[in-house]
Structure formats: structure tokens, C-alpha cells
Amino acid sequence: MITVAEIEQGSDAEKAGLRVGDRIARVNNEEIRDRLDFEFFRSEGYLAVEILRDGESLALEIERDPSRSLGIEPEVMKIKICRNDCVFCFVYQTPKGMRKSLYIKDEDFRYSFLDGHFTTLSNMKPEDWDRVVSQRLSPLYISVHATNHDLRTRLLKNPKLEPILDRLKWLRDQDLRFHTQLVVVPGWNDGEELERSLRELRLFHPWLLSISVVPVGLTRHRHKLTPLEGFSEKDYRDCLEIVQRHEAKAFAETGEHFIYPSDEIYVRAKAPLPPTEFYGRDFNQYQNGVGTLRSLLEDFASELPHLPSSPEGHQVTVLTAPLAHDTLEEILGSLRRERGLESELLVCENVTFGDSVTVTGLLCGRDFATALEQSRGSGPVMLPPNSLNREGRFLDDLAPADLEQRFGRRVLAPRSFRDYFPT
């Protein structure tokens, strides 16, 4: 049973009489256990919905317009908790005082299918696997890290792990697709082990849709945790060489690109970013830091012809993380030449997690505040949009309004480059 959290005004659901707070028990006579069931069973054109409202059972009918949203936003689904104790777990490296969700070790195949969350598949019950097949939950996003079972057991510190290759074979035999990731830890699953993982994973194509290779993220909050080394410049170059070699072999064999180094690897190895076509139409590992810089450049190229000229005296301050500096510098240079926009680019050191964390998505409000103290501008401030959650708050639970109050400047996360210009 799920609870309705929001109803879209004017939607088919509202017209049928559904209200916020209603509890949906059945759809077309099928029991609704959670959001996944609801998503699965609501696709029909006609929906017979059984609800509980104020303790009373009611029956409603919804005639769906397939071109419109149904208009129901269910309550957040309770998440399944991870049973692993990964040596590189980011939750263990998070300081106090952050957004509460950062301290949740999620490991949920349902969110893997619905929202692209990565899962190790380590807490699945037989009935969960039955559900994967019966509801055709494809694709899933799977954290592999190493195909060597003994090594994976040590990385995840879970002696009860099922061999991942056995489960991937099972998914293949059920004709289910999956994306994978390898978080690489120097001295653990790099070098020959990375070669092995890529070689063995490649064999699952076309059921395997992608492999992302991501360097381990280490913060300065690793007290009493397993000693680990971060990537050196040589590690980035070596990792990129291995991945590109396997990617070239896979492309020669299949005619498809499906092995992706993260943007961080390209930037830190001082290698050029691949062209747009390398990432495919949907940038399917975008949320994992794969193709984000190329996507930003593509968005800019498509918007530039439609942008206005900047009025004299208008200037923006753009905040970013070290990883995106060169890309934004290129974009702002084009805006200055093509549209006369004056700008100030400030690189934000991550004072919260440590200077080894160089991505925009992990910058906090306090990090932006520290950078803004060095600003010489007085115009609007542009933040990376992925530094905010859906509620418009940073990881440390501050909001742009807090920065506006402190610095007396307009602060926004631009939806497009048009927001860089006055309205």
C-alpha cells in the first residue's frame, strides 16, 4: 500500500477524485506493495483503484490519457539498507552536520530500476529475484567493482556475497539488461584486476549495456577506516590506458561504445574528452560522472545562437569545482567573445570533504561561501545545479537564500545559459 504525497492539478488522477493522503491498496485488482508495484501496474488506459481514506475503503476509476501524466506522486518508498562494509564507503567518510540522507547506506534493487541507483545485489531475497523476473526490471544498475570473487568479498567486506559473475549470467539468461560500475581503488582492483574485470564483463554484451570506471573518492574524514591511497597522476594515466584499450577492442567487436572512463579520469590524465557520439543518445551513466562535461559543452553549443547580447556593465560570478574549471573557462570565453558577457570564474576548494574531492556535486554551501569571500564582483552568482537537491538545498542543508543573505547578491542555479543574462 502506498500513500499519495502529491496530486497534479488538473490531472486524470485529480479528476477521478484522488486526494493527497489517500492510501492506494490495489490497481486493477493487483496488490500495491510499494512505488515499484504502482509504476508497474498503472500503465493501463483504464485503472480501477481501491483506496483507503480516513479508514474507509473506496473504489475509484481513472480513464487515462496516454499523452498526459497520471498526476500521482507517491510517498517516498522506504529504502532497503546495505549490509556491506565497503572499504571505500562514502557514508563512513561524511562529516557530521550534513543532510540526513547522506548517512543512509542504501542498497535497493527497486531504486536501481526506478532511479538508476547502483546496487551490489547483496541483500536480495529469493522473492526479490522472482520480482525482478516477473516485473521485467530491466535495466538494473550494478556495482561490480571486481569480477574476482575473493577480491570483491574483501572490497565489500562481506563473506556472504554471491559470485557476481553467476548473478550476471542469471540476468543474461532471463534476458534482462544491466549497467555496471567499477570503483577503482589503487592497490586493490586496479592494474591486472581492472584488466580482468573489463575482460570478463565485456563478454556479457549486449545484455551488459555499459561499464563505467570511476576512481575511488576519499575524503579527509577517514579516521579509523581501512587505509587507502587515492589516485596519483600516474594512476589516472594508467587507468585511462587500460580502459581505452578495452573500449577499443569492444568497439571493434561490437560496433558500439559501452565502456566509459569517468570525466575525472580524462581531466586528471590531461586527456581530451570524447565526442558526443561516444556516449550514445542518452548519456546513460551521466549521474555517475560520465559525460557530464561533454553534455555541458553540447548544451552550450545548442543554446549559444539563441542567447542575447549582454548589456554594458552586466557581470556574473560563476562558481565551480576544480574538475569543471577548464570546461567553464572555455564556455565563458566564448560568451565574452560572442555575446559580450563579462564574468568572474571562481574555483571552489572543497573545505568540507577535503581538496581531493574535486566534483561539483559534492560542494556544500559553506564551500561556496568561502569562495565568494574572494569575489570581486557584485552581480548575480551562478552555482552548479547538481550541487542542490530537489528541495533546493546543499549537502550541508544550507540554501542559496543563505548565501544571498550573507553576501547581498542574487544566487541561483541556472537552468540554462540564458539565466546568465538579465531578464
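1. In this predicted model, V381 has V411 of strand β14 as its bridge partner. V381 belongs to strand β13, residues 381–382, and two bridges join β13 to β14. The two strands run parallel. As general background, strands of a sheet pair through backbone hydrogen bonds, either parallel or antiparallel.

2. The pairing of β13 with β14 is part of an open sheet of four strands, in the order β12-β11-β13-β14. The pairing in this sheet is parallel. At the edges lie β12 (342–347) and β14 (411–412), each of which pairs on one side only. Helix α11, residues 325–339, packs on the sheet and touches both β11 (315–320) and β12. The direction of α11 makes about 175° with that of β12.

3. A separate point concerns the second largest pocket. Its volume is about 260 Å³. Which residues are the closest to its centre? They are Y260, G280, R281, D282 and N284, out of 14 residues that line the pocket. By character, the lining divides into six nonpolar, four polar and four charged residues.

4. How many salt bridges does a search of the whole structure find? The search finds 22. One salt bridge is formed by the side chains of D22 and R53, with an N to O distance of 2.8 Å. This pair links distant parts of the chain, as D22 and R53 are 31 residues apart. D22 sits in the loop between α1 (12–16) and β2 (23–27), whereas R53 is in strand β4, residues 46–53.

Note on methods:
Residues are numbered from 1 along each chain as its sequence is written. This is a predicted model: local features need pLDDT of at least 70, side-chain atom pairs count only at pLDDT 80 or more; totals for chains, interfaces and linings use all residues. Side-chain values use heavy atoms; hydrogens and water are left out. Two strands pair if DSSP finds at least two bridges between them. Contact means heavy atoms within 4.5 Å. Axes are lines fitted to C-alpha atoms, for helices over the stretch in contact, and angles run from 0 to 180 degrees between N-to-C directions. On a 1 Å grid over the protein atoms alone, a cavity is a set of points where a 1.4 Å probe fits but cannot get out, and a pocket is an open set with protein on both sides within 12 Å along at least five of seven lines; lining residues have an atom within 4 Å of a point. Grid points are joined across faces, edges and corners, and a volume is the space filled by probe spheres set on the points. Ala, Val, Leu, Ile, Met, Phe, Trp, Tyr, Cys and Pro count as nonpolar, Asp, Glu, Lys and Arg as charged, and the others, Gly among them, as polar. A salt bridge is a side-chain nitrogen of Lys or Arg within 4 Å of a carboxyl oxygen of Asp or Glu.
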